[in-house]
Every structure is written in C-alpha cells, then in structure tokens.
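Work through the following exercises with the sequence and the coordinates open. Each task is followed by a solution in steps.

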Amino acid sequence: MSPTAPLPEPCLTISRERFARLLEVLREDGYRLVGPTVRDGAIVHDAISGVSDLPEGVGESQERGTYRLESRGDRALFGYAVGPHSWKPSFFAPTVPLWRARRKDGSFTVLEHGAREQPPLALIGARSCDLHAIAIQDRVFLGGETIDPAYEARRRRTFVVAVNCGRAGGTCFCVSMGTGPRATLGFDLALTELLDDRGHRFIVDIGSEPGRDVLARIGAEETTPEDREAADAVIARTAEHMGRQMPTDGIKEVLYASVDHPRWDDVAARCLACTNCTLVCPTCFCSTVEDRTDLAGEVAERVQRWDSCFTMEHSHVHGGSVHASIKSRYRQWLTHKLASWIDQFGTSGCVGCGRCITWCPAAIDITEEVAALRAPARR
Amino acid sequence: MSASDPWTPRPLVIAERTRETADTFTLRFEPGGDGIRFAPGQFNMIYAFGVGEAAISISGDPTRPGTLVHTIRDVGTVTHAIARLEVGAAVGIRGPYGSAWPVARARGGDVLIVAGGLGLAPLRPVIYDVLARRADFARATLLYGARSPTELLYTRELEAWRSSGIEVDVVVDHAGADWLGPVGAVPSLIHDVVLDPSRTIAMVCGPEVMMRFSVRALAARGVAADRVHVSLERNMKCAVGLCGHCQYRETFVCKDGPVVSADRIATIFDRREI
Amino acid sequence: MEGLERILREHDFLKDLSLEQARFLVSCARNLHYATGDFLLHEGTDATAFYLLRRGRVALEIHVPGRGTVEMESLGPGDVLGLSWFIPPYREQLDARAVEPVVAIAFDCQCLRDKLDADHDLGYALARRLFEHAYHRLERVRLQRLDLYGVQ
C-alpha cells in the first residue's frame, strides 16, 4: 500500500507509448487491470487489457440527475471526471460468500470460508477523490478492532495509477472537501495528462517504491519546466471550475443540531429512497447477510451483500423499523455521511465526488441541502 | 476453522432448556475448555441453522464462564427457530460482543438495577456479580416491571435475591385479585425508592419507552446522567461494527454499546427516528 | 386537632400549606385505619370521601364481566385516593381496596367543597396540587396502556 505523501523526486514524463507499456508491465507482473471503459452510455470501471479499452476522446457532461457522454474531438485518454462506478466494488465486493456449513447430528460443521486469496488489482486512472474514498474505506474495514477478511484479501496488494483530473465534473466539489483535484495520497504513480502540439504525454509523480521501480522499468524523461508548469496549470484550472461547493466549517454541529429542521420534510418529499446514492457513493459501506439452505436443508450458507440505509429493512427491530419514514432515512444518511462519520472515523465520509448528485433520479443535490440546513429554520 | 474470521459461528450444543413464561425460555450451554468469559451486558449472535442469527444478551453468571446462559423470547423467525430446538441440538454462537454494565464503578456505593420485561435478562449477570461480592456495595436495589404476574422472569430467584441482601420491588401493568404487589409502571417505583443520588449507579434495561421514562424519573430524583446507563437495541447483522446496521447517530450499538451512559445519548434519546 | 393539623401539613400532597390553611381544612378531616380487604371506595357510589394515604397500599380495581376483578393501579403512601369528588357528577369510578393495613386522612367531601368555595386561594392551591397529582398518575397509566412488555 502506498504512503501518504509523494516522495520528493524530480518530475518525470512518459509518452503515451510508454504509458501503454506501463499497463503491459503491470499485467506481466500479475496485476489484474481495472480501469475506465465505455459501456451502456457511461464510463464504468471494468477489467481492461490495455490502452485500447480506455475511453479515448470521450468526455462527459454531468449535472444533477444528468449524465451524458460526449465526443471530445481529441485523443485524450482521461478527459472526463468520475462515472457511476467508484473503486468500491473492487475491494468491497457487492456479493461475498462468507461460509458454507453442513448439518450433522443436530449440529453442523463449517465447510469452507469465502475465498481469501484474491488476484492483486492495478487501478488505472484513479482520481484523487476516489483515493481519499479508498483511504476512508480502509479505515472502516481495516482500521477497527475487527478486520473484514474479504476486503483485506482484495486490498492486500494493489497498484494504483492515479490521474489528476484535467477537467472538473459538473457536480464535483473535491476542493471543498480537501480531497483534490491533485492526488496527494494512496497512489504509486500519479499522472497528469497533457495533449497539445508537443505531443501526448503524462507528467508523473512517484508515490511509492513500487511505483518508482515500475517507472524505472518502462523508462521516463525528466519533465521540462514548461511541462511542469502546464501540468500545474491544468490542475489549477480544474480546481477553479468545481461544479459545486460545500463549506465544511462546523458542519458536524450544524447537522447534529438540525434534527427538527423543516428542510428534512422538504427533501423527504422528493427522495424516492431508490438507494442510487448509496450505490454510487465510494464510501458507503453498509452490508447485510443472507442465510439460506439448499432444498434439503442440509447445507447452509451465508452470503454478505451490499445494503443501503434507505431500505425499510435496514433499521428493522422486532415490531417495525426505527427509520420508518423516508425523512428519517435521508436524515440518517446525510447526517452519517457528513457528521457522525467524523466522530466514528476521524474524517468526513464525503469526498466531494458528486456522484450522488449526478445519479439521483430526483435531482437532489446534497450541497444544496446542506446550505439549506445551515440557514435558520423558517416555517 | 479460522479463529480470526469474524463471520463464522461456532456450534454449541444445548445442555438444558427451561421454560420461563409462555413465550420466553432459557437455554444453557457447556462450552468446555475455559468456557466463555463475558462481562455483564454483553451479547452473543445466536445462529439457527439455515435460518439466521439474533443478538441475544448473555444472562448467566459472569463468575461461572463454564456455563453459558441465554434467556430468549420467541418473537421472530430466528428466535422461533431456536425455540423449536431440543436439548442435544446445537446452535451457532458468535461473540461475546459489546460494552459492559459499569459494575466496578458502583463498588463502594449503591447500585440500582431497573428492569422492564425481558430487560431483566441482560441485567441478571449484574445481580450475580453484585451477589458474588455483596460487601463491596452498599445498597443494592432491583426495580422490576412486567406485564402481569405470569410474565415475570426468574420468580424463584427474585425471592432468593431478597434474602441475599438485594431489595427487590416488583410492579406489573395489570393483575388479578391474587396479586399482592403493586400495579403500575416502573418509573413510579423510581419515584418512591430510597436512594442517594450522589452515590448511586443506575442500570436500566427494557423496552426503549420504558428506559426513556425511567431515565427521566432518575433525573428527577437527582441522579446525574453519567451515573445512569441503558442498554440499546438496534438491528444487528455483523455485531463487529462493519455492516452499519446498528448505528444510533455515531454509536455503533454492537461495539460502542449496547450499554451506554445516558449522557452520551442525552440529546437524541427523546427524539424520533434517530 | 393539633396532631391532625401537623399530620396534614406533613403529608406530601399538602406540604407547604400554611398553618392557617391547614387549620381551615382540618375540621373536614379524620385519621382512619383500614384492615386488609376493607374497601375505601366503591364503584358507582356517590363520592363522599377523599383520602390522603399515609401507610399501606390500596388497589384500584374494576370488575370486568367474564374476566373478574382487574387491578388497574396501586396507590401508596403519599398518594391521593379519590378524584371524583372534585368533578361532577361526583360518582366513584373504581373500587379501592386495602391490600394491606392502611392509614389514611379522610376528608368529608361536601365539607371540603364548601371550604374551597369559601377560600379561593386555598381552592386554587389544592386544585393545582390535584392537577399535578393527576398528571403524574396519567403518565403511569399511559405507560401501562402502552403494553410495552407485550409482543410488538
């Protein structure tokens, strides 16, 4: 796993060809590449074999409740922000078989556990917000008294090729959350893509020893001062064009004190409890378990799968659900994400990726909801 | 079987099964080896093969870890499946989990135990602890409310506890003419009980509404909120703080609770749907 | 009479009453003893008595055809027994039976009502106390009614 700050190194540049070679080398080293690729009208994360699978020349426009791919008219490989997939499903899998057991003489024996050996993954094109999200999930699943073994197995050996966003998404607010746009943690290599009359190249920040080693094997050139400046300018421009803002000062206290704020009724009237936000959110970690048997009732298994606090079952105790109303579920989700998370894990649970805004069918925007909750209640 | 896997239950055979009331029963297990060490207030996840798990407080004697005791009410799919098991059948056990009643904090002072309905089950280990070192405590009082006389738990032990230096006051919601005790609600017992608020540690367990009213009644008697403890109940799946279900604002009931002090939850305990 | 005045002012319900007010009430009051099983009130009868319980427990009961006698609530030392004397048509709603030996201050209700009509300040002071007492009783009854220990 990568250390938390880039090593002080002279900056290096690689060409697009060398970048293609980087992906090959990672594959040869046994990593399974996961990266962005176009499918069903969106840029998703999937297994990729090389550069040819990347969304070359594809851009997107995002707004609340809206996501559309566009043609950029160039050959940029990372000319878009984040799509509906984060890296969450790579480590916190949507379905995890936990164990199977066989009935035996009124008792039972456990047959096997879920697979503990997982192939190492190389994340290609990870954005800074998502790197912070991975760090947040690491704290949840690996940082407490009990470690999630399935997450640990998937996360054990990961190579991260990050990309500094060249373009802010329409709903992004990483600047507000202090999570970007420049990648500062959780990567082995961080690339800034430059595409102009000087060629198609990537300015590389080295984030770890494994990163340095791989880079040495593919070869790189020292970055020119112009390119260094150009790369910094790209990132600065991205930072200036955030689609949203969300001031975070005192946000925990505001949300804790907002229990009776009328805004919750307002958002509850719009929220469909469809759980999209929790699905696309890179930090949401709720799961449930299903216990089932085969038809004869002889072999039982337990399977873990993603869950959402927007379902009625999530808070079920005998007699009913604690969060029976959509209002209480939305309030629970937002308060947890932006406030309780801080008390539980030491950071906000939100990284400002904007996915919940883009993918909400009711076009609910959490930055707008928070701004309304900060305002004194008016009836 | 990996000891470090948090999800896998361990089979334990039911050694004894006792009926407590019409819908409540007690199971005893002999885990063998060093037994199962637990602190009063902790719970296990009990697994019925092929059906699922339920979070059940341990209600045995913490000074006797060789016997594991659970009092269970038949109210849902899992507890119903457990209720149908006979001696010799096994359930799966994961645990013990959770935070403990602050028995040590009460030493040298008074301990006030307030139980409603099945809430006496998670508090019984406290009583055993107190009885094991009775001289360490000054006044020890149990206030216990139940629906009706036939729904009282551990009736024979209530008498034994009285004779062992615990003041036991029992109240029921309603009763027939042959009930000689009071009829009413537990908070009224709190209203009348002899107590010194500056040296009392109160431990309250029962339905949430009963706990809310009891906490209020204790506050009205001058017992500071950090001296009052309740046992919360929320939907449990993993019991180790990974699945997110049991959260009560920032509290993971499975690992920061279920026992929490009243001052920790003071601002939200009275609010709806938190 | 002096002893009864003191007893009146010591009772939870009437504490902080002035000496004058206690003297004014005392002529309506008697200190009574009841044996286990004695009825202090009968359902359906005219409300003629109002009690301040000093010792022993009283069961408030109602008889339900088919179910028998159901005890609704217990009252004990410090409690007030009998509210119907204050509310027209002044008829008892429940039976009140001593479940152990009971000592209580009994007030003659007509005497008490006359006195309260004559002294409005005292009337207000008593009415406030009655209201507060009824408020706490209501809370208890609500908790019982919630049937919290039943299966949800």
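**Exercise 1.** Determine whether H323(A) is buried or exposed, then describe its surroundings.

Step 1. The relative accessible area of H323(A) is 5%. Buried means under 20% relative accessible area, exposed over 50% and partly exposed in between, with a 1.4 Å probe and protein chains only, so H323(A) is buried.

Step 2. This is a predicted model in which local features need pLDDT of at least 70 and side-chain atom pairs count only at pLDDT 80 or more, while totals for chains, interfaces and linings use all residues. Residues are numbered from 1 along each chain as its sequence is written, chains are lettered from A and ligands numbered from 1 in the order in which they are written, and side-chain values use heavy atoms, with hydrogens and water left out.

Step 3. H323(A) sits in the loop between strand 16 (320-321) and helix 11 of chain A. Helices (H or I, at least four residues) and strands (E, at least two) are DSSP runs, numbered from the N terminus.

Step 4. Contact means heavy atoms within 4.5 Å. Leaving aside neighbours within four places in sequence, the contacts of H323(A) include M312(A), R329(A) and Q332(A), and also E273(B) and I274(B). A polar atom of the H323(A) side chain lies 3.4 Å from the backbone oxygen of I274(B).

**Exercise 2.** Find how many residues of chain B are in contact with chain A, and what area is buried between the two chains.

Step 1. On the chain B side 38 residues are in contact with 54 residues of chain A.

Step 2. Buried area is the accessible area (1.4 Å probe) that two parts lose on being put together, summed over both. Between chain B and chain A this area is about 3,700 Å², and carbon and sulfur atoms give 57% of it.

Step 3. W7(B), F49(B) and E273(B) supply 22% of the area that chain B buries against chain A, more than any other three residues.

**Exercise 3.** Identify which residues of helix 9 of chain A are buried, and on which side of the helix they lie.

Step 1. In helix 9 (residues 263-270) of chain A, the buried residues are R263(A), W264(A), V267(A) and A268(A).

Step 2. Their arc around the axis, taken from the directions from the helix axis to the C-beta atoms, is only 135 degrees, so they are on the same side of helix 9 of chain A.

Step 3. These buried residues pack against helix 8 (251-256), helix 11 (326-345) and helix 13 (366-374) of chain A.

Technical notes:
Polar contact = N/O pair within 3.5 Å; in protein donor to acceptor, adjacent residues only side chain to side chain.
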